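Hi everyone, and thanks for coming. I'd like to walk you through a structure that may be new to you, so let's put it up on the screen.

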Amino acid sequence: MDISTGKVAPVFAPWGWPLRAAEALAAAPVDLFLFLPICTAFGIGGWFGLKHEPALWVYGVMVLAVVALIWVVWRGPWVWHAPALALGAVLVGVLACAVRVWVVASPMLAVPYYGPIQGRIIEIDRSQTDAMRLTLDRVVLLDLGPDQTPLTVRVSLKGAPRVYDPGATVLVTARIAAPESATEPTGFDFRRMAWFQQLGAVGYTASPVVVWAEPGPYEAWINRIRASLSRAVTDAVPGDAGAFASGALTGDRSGISAQVVADLRNSSLAHLLAISGMNMAFIVAFVFGMIRYGLALVPVVALRVEAKKVAAVLAFGVAGFYLALSGANVATTRAFLMVTIMLGAVLLDRRAITLRSVALAAMALMLWEPESLLNPGFQLSFAATVALIAGFGPVEAWMKARRWPRLAEAFGLLVATSVLAGLATTPFAAATFNRTAPWGLVANLMTVPVMSVVMGAGVVALCLAPLGLAGPALWVMGKASAWILWVAHWVSGWEGAVTPVAQPGPLVVPLIALGGLWVVIWVGRARLWGLVPVGLALVMWAMVERPVLLISSDGVLAGVMGQEGRALSTSRGAGFAAESWLANDGDLTPPKEAALRAGVVGKKGGDRRFQVGAVTGVILAGKGAAGRVAEACAGADLVILPVDFGAADFGAVDGGEATGGGGCTLLDKALFAHSGALAGHVVKGGLVLVPVRAQARPWTGNSVAVEDVFVPHVTR
């Protein structure tokens with residue numbers, strides 16, 4: 001090594017290739033800073049994929065390694081700076097996860113609970129079944145101490161909805177339990193998300209909710225402001241249009257019906273309802289422009305202050321208030337961080353919108369909430385933002401070079417924006433919702449410009465409300481919202497409006513993200529190498545094999561893959577699991593129709609039999625099911641029992657497996673309590689059942705990882 005330059009001479013060949021690779025990376029004509037959030041994401045993703053929680057000493061070693069890497073960057077040869085930063089970002093991602101777990105750790109309900117619940121309302125929304133839900137904190141449960149009581153509980157209300165005030169303390173008798181894990185091993189893990197949100201129990205009630213104490217003057221004040229604004233909008237704009245306008249403006253979606261949500265999703269317009277970058281941009285841009293040009297109209301002020309910077313400071317305050325008002329979800333937080341960086345650049349006379357600002361926002365969000373990386377909102381939001389920043393400039397320059405007329409250029413940029421955002425988000429949306437909306441471009445072109453009217457009218461209404469002059473602005477807001485909902489309903493009814501898509505394997509989405517980012521970040525022809533992982537991911541997606549057998553977490557429902565699609569063992573019970581399985585199969589068939597398919601036989605409401613490969617199985621149901629285990633085991637390889645089974649009653653029990661009599665594998669309620677749902681794959685000699693809770697992590701509730709269950713075929 002030449003000490004004066006820090007460069008490495010080629011005297012270490014062939015063992016010096018790592019040094020030469022590091023030197024080539026450091027000299028690459030790209031902004032390597034943009035790769036830091038990607039490396040951080042690798043660390044976070046790897047941490048979530050671990051089967052066991054790392055020991056404390058492992059984190060200690062990582063901290064020392066980060067310190068050493070900082071020294072390398074500070075004092076070491078320049079050639080090692082890029083590798084040291086990359087490895088340091090990976091380790092920082094892991095350490096951020098460890099800190100986050102320690103910060104949010106809170107109790108989850110150990111066993112199901114039925115009884116009185118006291119708590120303070122902090123959020124009001126709707127469930128997927130269109131039922132009103134109350135999220136409560138300051139929870140008090142009968143005969144449970146503080147160390148066993150969840151910090152927050154969510155209760156769905158059956159019956160006609162009524163008005164509740166956030167901050168009010170209520171009493172209700174309800175059935176609650178710890179949040180369920182995923183419906184299959186590769187599905188979305190609601191229990192993990194709830195654990196990081198400190199949501200320790202969910203449930204339902206048909207009993208009336210009694211208001212025990214009205215909210216104090218400072219109780220849940222931001223939620224009360226949201227509820228007050230929402231009621232003001234819905235009172236002035238009744239019906240679905242008012243509910244949509246309220247949801248887009250305040251984040252309160254408790255008044256939006258399930259049908260409206262379905263129409264928006266099927267027409268690729270659900271992003272209009274999400275408080276995301278577009279909503280934040282509309283409001284901040286409107287406020288920024290109004291203040292800047294308003295000050296410019298006053299010559300005395302315009303000559304003495306920089307109107308642009310004053311507008312940036314005031315717009316930042318509006319953005320912060322809007323973040324708190326909307327509930328600070330992942331997409332809104334990302335938008336706020338982007339706006340903060342953009343307004344800061346205005347104050348410093350720097351370029352406001354760049355890929356560096358996106359990278360900074362991604363790093364900040366991942367380090368603050370590492371679990372957000374696994375959130376579909378994070379993936380969709382950043383995918384659209386990166387695509388728009390990377391592609392909008394070249395498209396605009398291309399149009400200007402060809403001297404497009406102003407009106408044609410505006411329309412072309414609108415089309416380009418929708419196309420870029422649509423292409424970037426389609427893989428992530430399809431992987432999340434198991435469907436694509438081919439007519440989404442048409443729907444977005446007809447509604448996105450109108451959405452700016454909705455948000456602008458909302459801001460004007462807020463400004464004029466103290467003067468009692470908000471009526472005209474709210475009328476405009478309602479008409480614009482009604483147009484959006486009409487387009488959503490119209491487009492969602494077109495033939496082929498929804499195309500079902502099977503759930504991809506676990507590597508598909510990361511490969512698409514990595515390849516897409518490489519195409520955007522790298523310079524020159526080498527960026528085309530990013531198409532390789534994207535192409536590989538699409539091939540893997542097209543060849544994905546769905547489990548031949550799925551069993552719900554309570555053992556009540558099983559789904560067997562056949563020639564017609566997945567056949568369900570019953571049309572009732574575990575309804576959410578049934579809908580999720582069919583959606584993940586890329587199957588739009590309703591569960592009731594799937595229960596009529598060939599593949600599962602037996603009397604309705606009684607024992608049901610099926611065959612997967614060479615393995616025969618039976619689901620015992622009805623009274624006395626435990627007493628029929630021996631008989632069932634004599635003629636089946638796999639017996640599913642939705643209740644506990646005692647060792648004294650039959651065979652030798654080991655962790656939920658019972659063998660004896662006819663020689664079979666028994667899955668009972670005790671096993672499901674540890675394993676969660678199970679997915680079956682045919683292997684030589686039998687069937688392998690993969691559990692959802694294969695990890696021993698804080699959110700799984702298991703101290704020991706659950707291993708796969710092998711079900712051998714027994715020749716009888």
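**A short tour, strands first**

Let's begin with one pair of residues: isoleucine 124 has leucine 134, in strand E2, as its bridge partner. Before we go further, please keep in mind that this is a predicted model.

That pair belongs to a longer match. Strand E2 covers residues 132-141 and runs antiparallel to E1, with 8 bridges joining the two. Together E1 and E2 form a hairpin, and 5 residues sit between the strands. If you look there, you'll find aspartate 130, which takes a positive phi near 75°.

E1 has another partner too. Which strand is it? Strand E1 (residues 113-126) also pairs with strand E4 (residues 169-177), again in the antiparallel sense and over 8 bridges. To find the spot on screen, look for proline 116, whose bridge partner in E4 is threonine 173.

Now let's move along to the helices. Here I'd like you to find helix H6, residues 221-236, and helix H12, residues 307-326. Their axes come within 8 Å and cross at roughly 85°. An angle from 65 to 115 degrees counts as roughly perpendicular, and H6 and H12 are therefore roughly perpendicular to each other.

Which residues meet where these helices touch? From H6 we have Ile222, Ile225, Arg226 and Leu229, and they meet Phe321, Ala324, Leu325 and Ser326 in H12. Sorted by class, the residues of this contact are 6 nonpolar, 1 polar and 1 charged.

Next, an open sheet further along the chain. The sheet has 5 strands in the order E12-E13-E14-E15-E18, and the pairing is mixed. Its edge strands are E12 (600-601) and E18 (665-667), each of which pairs on one side only. E12 runs antiparallel to strand E13 (residues 608-612), and 2 bridges join them. Within that pairing, valine 601 stands opposite arginine 609 in E13.

Let's finish with a pocket, the second largest one. How much space lies in it? The second largest pocket holds about 390 Å³. It is lined by 23 residues, and those nearest its centre are Ser569, Thr570, Lys604, Gly605 and Arg608. Arg608 may ring a bell, as strand E13 covers residues 608-612. By class, the lining of this pocket has 11 nonpolar, 7 polar and 5 charged residues.

That's the tour. Thanks for listening, and do have a look around for yourselves!

Key:
Residues numbered from 1 in each chain as written. Predicted model: local features only at pLDDT ≥ 70, side-chain atom pairs only at ≥ 80, totals over all residues. Heavy atoms only, no water. Axes fitted to C-alpha atoms, helices over the stretch in contact; angles between N-to-C directions. Helix = DSSP H or I, 4+ residues; strand = E, 2+ residues; numbered from the N terminus. Parallel < 35°, antiparallel > 145°, perpendicular 65-115°, else oblique. Contact = heavy atoms within 4.5 Å. Nonpolar A, V, L, I, M, F, W, Y, C, P; charged D, E, K, R; others polar. 1 Å grid on protein atoms, 1.4 Å probe; cavity = no way out; pocket = protein on both sides within 12 Å on 5 of 7 lines; lining within 4 Å. Points joined across faces, edges and corners; volume = space filled by probe spheres on them. Pairing = 2+ DSSP bridges.
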